[in-house]
Amino acid sequence: MSDGIRINEGFMRSVGDGVTEAEVKNTEIYIHIPFCMRKCGYCDFLSAPAGREVQDQYVGALEREMRGRAEAYAGFEVTTVFIGGGTPSLLASGHIEKIMDILRQCYRVLPEAEISMEVNPGTADRDALRRYYKAGINRLSLGLQSSWDEELKELGRIHTWRQFLDAYQGAVAAGFSRINVDLMSGLPGQTPASYETTLRRVAELVPGPEHISAYSLILEEGTDFARRYEDGELKLPDEETDRALYGLTERVLREYGYQRYEISNYAKAGGECRHNVGYWTRENYLGFGIGAASLVDNVRFRNGRELTSYLEAPLRQREPSSLLSMAEQMEEFMFLGLRLTEGVCAGTFYRFFHRRLEEVYGEVIDRYIALGLLDYQDKTGEKYLYLTERGLDVANMVMADFLEPPIT
């Protein structure tokens, strides 16, 4: 930790000269690693297999992009970092160490910053996990999905339950106390009994993970799963079973001390993912790597998705930026904020937009309160509009009505 503080102080003296404390803003950073061992049947993320030579070239391009953009963001302090993919743990450990060194050399990463990395249990040995921790990664996200090997095989995952346990125990031994485990429901062949077993196996790990993400399988257009389903080759749980699976998550995890704080995320006290909460509350974020999106001072931009072009000229891959209109900012504030179980803060909405929440969305709010899908709650002296338990079940329908706000 002391090394990180020393590097950051050096940055402030050099690149940060002339930036006053009042001008400093916060930002998150996302770094995209687009490589995987093989594409899972359900995955529509920007990822694909690649050899070591291409991976080496990509890390070099990342370095050029991160160094080349540093001066433009000298007035920002980095509160969280997320290294995602793809499969970041597919990279050589030295590449992760290099990425962390560049971050600290070029950006004002706060000593208390949350620094997360996605890890596939089939690609991380104990030496790699120790090196991640020593490099400054302080939170891991392990992609389990299921504790049943037959379900994992159907998904196309490269690991087994045994390999997950080895990776989890290795992470704990390396020093990680902040661990998330990703799970999925609605899988081919999955039953309420098999899913409940997975939930309990994960919650009963010792020590238990501080965070569990539990997502429903979605058939994304263009994926192998979508094609197989359309052709009648893929059998998924029926609607009644799917509802039973969905209802199990909160009931079971609550028994183990996990609180739902977002539609698909559960955490023990203080274990919420700060990086993701930043997305849902519209904090600034910078994205590096192909396809990575950014939002800075209500300007949205992203890098192109073409790998060869990025390797050749990473600083010339940004697509045209767009300044979000007031209506678009309101849409995002509501659509993203309502994902959180605490909801959206009426006072914050007024401070951002100088309009009362009810003045803009009164008709929609009244309709869904009458239906028992929305309600208000007081929290720390502020009024929050939130989705009720019934509302969370039909969240997409409710949130869609907060798009295109009727403002003049």
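1. Let's start with G186 in this predicted model. Its relative accessibility is 7%, so G186 counts as buried, the cut-off being under 20%. You will find G186 in the loop between β5 (179-185) and α7 (192-203). Leaving aside neighbours within four places in sequence, G186 is in contact with L217, L236, P237, D242 and L245. For another reference point, take R139: the two residues are 47 apart along the chain, and 27 Å separates the C-alpha atoms of G186 and R139.

2. S147 is a good second stop. The loop that holds S147 runs between β4 (139-145) and α5 (149-155). Is S147 buried or exposed? With a relative accessible area of 3%, S147 is buried. Not counting residues up to four places away in sequence, S147 touches W161, T197, T198 and R201. Two of these contacts deserve a look at the side chains: S147 makes a polar contact of 2.8 Å with the side chain of T198, and a polar contact of 2.9 Å joins the side chain of S147 to that of R201.

3. Stay with R201 for a moment, as there is something else to see here. Besides its polar contact with S147, R201 lies over the face of W161, at 5.7 Å from the ring centre. W161 is itself one of the residues that S147 touches. A charge over a ring also turns up at Y376, where the charged end of K383 sits 4.5 Å from the ring centre.

4. Now for the open sheet formed by three strands. In what order do the strands lie? The order is β13-β15-β14, and the pairing is antiparallel. At the edges are β13 (344-345) and β14 (374-379), each of which pairs on one side only. Strand β15 covers residues 382-387 and is joined to β13 by two bridges, the two running antiparallel. To see how β13 and β15 line up, look at C345, which stands opposite Y384 in β15.

5. Aromatic residues give you plenty to browse, with a count of 18 aromatic pairs. Why is the pair of Y58 and Y310 called tilted? The ring centres are 5.4 Å apart and the planes of Y58 and Y310 meet at 40 degrees, so the pair is neither stacked (under 30 degrees) nor edge-to-face (over 60). This pair links distant parts of the chain, with Y58 in helix α2 (residues 52-69) and Y310 in helix α11 (residues 307-312), 252 residues apart. Y58 and Y310 are both buried.

6. The pair of F333 and F353 has another geometry. Here the ring centres are 5.8 Å apart and the planes lie at 85 degrees, so F333 and F353 form an edge-to-face pair. F333 belongs to helix α12 (residues 326-337) and F353 to helix α13 (residues 346-353); the pair links distant parts of the chain, 20 residues apart. Both F333 and F353 are buried. These two phenylalanines are also members of one aromatic cluster, together with F349, F352, Y361 and F402.

7. Please check two peptide bonds while you are looking at the backbone. One is the cis bond that joins G85 and G86, with omega of about 20 degrees. G86 is found in the loop between β2 (76-85) and α3 (93-106). The other cis bond joins V206 and P207, with omega of about -10 degrees. P207 has its place in the loop between α7 and β6 (211-216).

8. Finally, here are two residues with positive phi that are not glycines. R282 has phi near 65 degrees and lies in the loop between α10 (274-280) and β9 (285-288). With a relative accessible area of 13%, R282 is buried. For N298, phi is about 65 degrees, and the residue lies in the loop between β10 (293-296) and β11 (299-302). Why does N298 count as partly exposed? Its relative accessibility is 23%, which falls between the 20% limit for buried and the 50% limit for exposed, so N298 is placed in the class in between.

Conventions
Residues are numbered from 1 along each chain as its sequence is written. This is a predicted model: local features need pLDDT of at least 70, side-chain atom pairs count only at pLDDT 80 or more; totals for chains, interfaces and linings use all residues. Side-chain values use heavy atoms; hydrogens and water are left out. Helices (H or I, at least four residues) and strands (E, at least two) are DSSP runs, numbered from the N terminus. Buried means under 20% relative accessible area, exposed over 50%, partly exposed in between (1.4 Å probe, protein chains only). Contact means heavy atoms within 4.5 Å. Two strands pair if DSSP finds at least two bridges between them. Rings of Phe, Tyr and Trp (its six-membered ring) pair if their centres lie within 6.5 Å; planes under 30 degrees apart count as stacked, over 60 as edge-to-face and the rest as tilted. A charge sits over a ring if NZ of Lys or CZ of Arg is within 6 Å of the ring centre and within 35 degrees of the ring normal. A polar contact is a pair of N or O atoms within 3.5 Å; within protein, one must be able to donate a hydrogen and the other to accept it, and residues adjacent in sequence count only if both atoms are side-chain atoms.
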